[in-house]
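Ready for a few hands-on exercises? Try each task yourself before you read its solution.

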Amino acid sequence: MIEKKVVVGLPHGLHARPAASFVKLATNFKSDIKLVKNGKEANGKSIMGVMASAIAKGDEITLVANGMDEADAIAALEKVLQEEE
Amino acid sequence: MSREIAGVKASAGIVIGAALLLHNSELEVQTVSVEDAEAEIRRFQEALEKAKVDLQEISERVEREMGSEHADIFRAHLMVLEDPELVDTVTGTIRQERVNAESALNNAAQGFISIFEQMDDEYMRERAADIRDVTRRVLSYLLGVEMGMSGQAKEEVILVAKDLTPSDTAQLDRRYVKGFVTDIGGRTSHSAIMARSMGIPAVVGTREITTAVQPGSKLIVDGHAGVVIVDPSEDEIAAYQAKQADYDLQKAEWAKLVDQKTISQDGHHVELAANIGSPQDLEEVISHGAEGVGLFRTEFLYMGREDFPTEEEQFQAYKQVLEKMGEKPVVIRTLDIGGDKHLPYLNLPEEMNPFLGFRAIRLCLDQQELFRTQLRALLRASVYGNLKIMFPMIATLEEFRQAKALLEEEKQALQKSGVDLSKPFEVGIMIEIPAAAMMADVFADEVDFFSIGTNDLIQYTLAADRMNERVSYLYQPYHPAVLRLIRQVIEAGHAKGKWVGMCGEMAGDPIAIPILLGMGLDEFSMSASSILPARQQIGGISREMATKEIPQILGMSTSRQVEDFVTNRFAHINS
């Protein structure tokens, strides 16, 4: 299992389109993906879970991946969260 | 007896036909215990698969017929159906509680719906409706209830419903559905936007249409007036048929002009732009063939909320408009608020004379943080299109210089922090105060453009509040005093090589158009629906001939005289 703290750079946070691209990308990995914000977990492969966690720009969250491709998953998903435009 | 029901005009046009009532009442879900949980899970998965196939088809069809943007919503619905949280919750509930799939799905969906409904952000609250819509689709398969209404419509109908969801509108069979009327919704509701892009008449927000109409009732839908006539008389039908025929002919003429430039009969090009209040208006702007946005009122960003919009929110809105318009010009007016337009969180005292009071640029120069935030958002958005920044209510040159200096300060600060501001943009003023119109030659040395805001210019010139019924007769757009000021501004701008536009109601007024064209106005900005008629009108006028009439018009004594002269001289404007 890998955990990584990430500061969200997406201007609108994980809103609508970015949330959809995050989930689509997460679904491509075999590992379980979680987003943890203020101790609350969201399933990274669930569009409703990700959107409902209301992650905004500047939030510090923990990205958790657990599975055989966890390292790749973290690297790829971290990039999505840090995109500024 | 016929009955007239008023609503919100959502999409123009007239249609006469029979009502088809769409009952999208809540599907009734009962909780039943099941013996074989695995079989129930399979039933759920089958319904899920069918719904996915539906959505896949709908999104492909919508993309083909209406463009990728309209299909986004169905792709989002597909993701909801593929959401492991939803699917696992439902299968888990069926397995553990041995309940039927309908009830397990309904409960799981309700859980998500209530989370989204409680969120602060309006966009997120709307997502609750998406979850409800997509859940209904799966439920209807589980319950064996026909969901789409397209199967029902085998002849031309007018669809009558409480509300239309995105699924409903996308499934409309456009061969048969000739219009629609709903109980709820406003001009910007999903159903209204869809109707406009489908080009069928619609009236929404009637409150009572579903109770006033029987299946098969005859209806007239007048999307221009926002009126529905239930059980019309023969005379009413004949009158509306005539109107409909006229409108159809006219529309066919206008449709030919959508992708054309606006050229006068003698070959001079002017720009016809649209006034908008929010990025949502762009769809109409584009479908009506605007050559730009001549006035983007930014007030909407500040209204209907409890605190100032952030720089980021503003940046996103400006960027969206600039990107959608591509290389076409977009004039964004900085905040015009105060006086009669209140913001609860701004806490301004009531004024005796709000139109002569603390508003627009006066307020922005006083509350500089508010203004600087907007300027930064505009600057950052400038690289995404063809931006022109416009300051409203400028009375004196000092105000313009001060506003421009603030813009310059923010620009340098942003550049220092590495923000890309490489794209040049123009900075101009709105001319709506007679003092500025009189001094236009002086302003012309320092601004990049003028846009004449006639709504205020007229009321300041004749000192008449147009909202006050007792003096509103003095609100005279064709009064020679107003026309002389306008001519002066246009000439002062042109003398220094600056372009001059107009962004008041007058720019789209068929009586004013020949005069403005003759005076050499470069840009006419109006409501989107006026653009094609104006383009047609200008195509029939020789600018040189109109120019020759200007001295005579400016020498007239009354507004009435001007109006009569223009009507006679350019007779076709009343066609």
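Below are four exercises, each with a worked solution. This is a predicted model, where local features need pLDDT of at least 70, side-chain atom pairs count only at pLDDT 80 or more, and totals for chains, interfaces and linings use all residues. Residues are numbered from 1 along each chain as its sequence is written, while chains are lettered from A and ligands numbered from 1 in the order in which they are written.

**Exercise 1.** Work out how the axes of α19(B) and α21(B) cross.

Solution. Start by finding α19 at residues 512–519 of chain B and α21 at residues 543–554 of chain B. (Helices are DSSP runs of H or I with at least four residues, and strands are E runs of at least two, numbered from the N terminus.) Next, look at the axes, which are lines fitted to C-alpha atoms, for helices over the stretch in contact, with angles from 0 to 180 degrees between N-to-C directions. They come within 7 Å and cross at roughly 100°. The two helices α19(B) and α21(B) are therefore roughly perpendicular, a label that covers 65 to 115 degrees. Finally, check who meets whom: residues including Pro514(B) and Ile515(B) in α19(B) meet residues of α21(B), among them Ala546(B) and Ile550(B).

**Exercise 2.** Find which helix of chain A gives the most to the side that touches chain B.

Solution. First, get the totals: the contact takes 15 residues from chain A and 16 from chain B. (Being in contact means C-beta atoms, placed from the backbone, within 7 Å.) Then spot α1 (16–27) and α2 (47–52) of chain A, each of which supplies at least two residues. The winner is α2(A), with five residues.

**Exercise 3.** Decide whether Val562(B) is buried or exposed.

Solution. Locate Val562(B) in helix α22, residues 559–569 of chain B. Now count: Val562(B) has 24 C-beta neighbours inside 10 Å, so it's buried. (The cut-off for buried is 20 or more other C-beta atoms within 10 Å, and for exposed 12 or fewer, with partly exposed in between; C-beta atoms are placed from the backbone.) For company, leaving aside neighbours within four places in sequence, Val562(B) touches Tyr478(B), Pro480(B), Leu483(B), Ile553(B) and Met556(B).

**Exercise 4.** Which helix gives the most to the largest nonpolar core?

Solution. A nonpolar core is a set of buried Ala, Val, Leu, Ile, Met, Phe, Trp, Tyr and Cys residues joined through C-beta atoms within 7 Å. The largest one has 93 residues, and Ile429(B) is one of those that touch the most other members. Helix α18 (residues 480–495) of chain B gives the most, with seven residues.

Technical notes: Parallel < 35°, antiparallel > 145°, perpendicular 65-115°, else oblique. Contact = placed C-beta atoms within 7 Å.
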